[in-house]
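Colleague: I am new to this structure. Please take a close look at one part of the surface with me.

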Amino acid sequence: MEVIQTQTQGGFLISRIKQVGTRLFDRMLAEADIDAFNGAQGRILYVLWQQDHITISQLSAQTSLANTTLTSMLDRMEASGLIKRVPAPNDRRAQLICLTDNARALQADYDRISQQMNECYYQGFTGVEIQQLEGYLQRILDNLEGEKNHE
């Protein structure tokens, strides 16, 4: 595999995109008077809307949040009535993270703001360019996750 020898900024740009995108997402939530969750909690809710009743470890893997960070966020989300913890039926030591009806009712709001974000992200891109970009980003993620697994 050929390694690029020129100076690159991919990691820096991805980091900046995440920072700016997070601020923009939070601003869009505020402008839409959605205060039930913030952008970081939205990422957790998004995973749970796709697959409810999962363990903290599964949620951690899908959100890329450390268990310790996730635990404190889940504490706040539970206190605000977005999630609940229930015992896992097959493992008395494990708990499953479950959405409340209140959180399920917020999915349409989240989807609407996410669509607005997508429009910002991909403004001026063709469908082919979007597919290419997402393919490249997936390859970068796969590369990084492969390195993480070699630790």
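Which residues form a nonpolar patch on the surface?

Modeller: First, this is a predicted model, where local features need pLDDT of at least 70, side-chain atom pairs count only at pLDDT 80 or more, and totals for chains, interfaces and linings use all residues. Residues are numbered from 1 along each chain as its sequence is written, and side-chain values use heavy atoms, without hydrogens and water.

The patch is made of Phe12, Leu13, Ile17 and Tyr121. Together they have about 400 Å² of accessible area (Shrake-Rupley method, 1.4 Å probe, only the protein chains shown counting as cover). Patch residues have over 30% relative accessible area and no salt bridge, and nonpolar side chains (Val, Leu, Ile, Met, Phe, Trp, Tyr) are joined within 5 Å, like charges within 9 Å. A salt bridge is a Lys or Arg side-chain nitrogen within 4 Å of an Asp or Glu carboxyl oxygen.

Helix 1 (residues 10–31) gives the most to the patch, with 3 residues. Phe12 is found in this helix. Helices here are DSSP runs (H or I, at least four residues), numbered from the N terminus.

Now to the largest pocket. Ile17 and Tyr121 appear again, among the residues that lie nearest its centre. A pocket is an open set of points on a 1 Å grid where a 1.4 Å probe fits, with protein on both sides within 12 Å along at least five of seven lines; lining residues have an atom within 4 Å of a point. The lining has 43 residues. Helix 1 gives the most to this lining too, with 11 residues.

Conventions:
Helix = DSSP H or I, 4+ residues; strand = E, 2+ residues; numbered from the N terminus.
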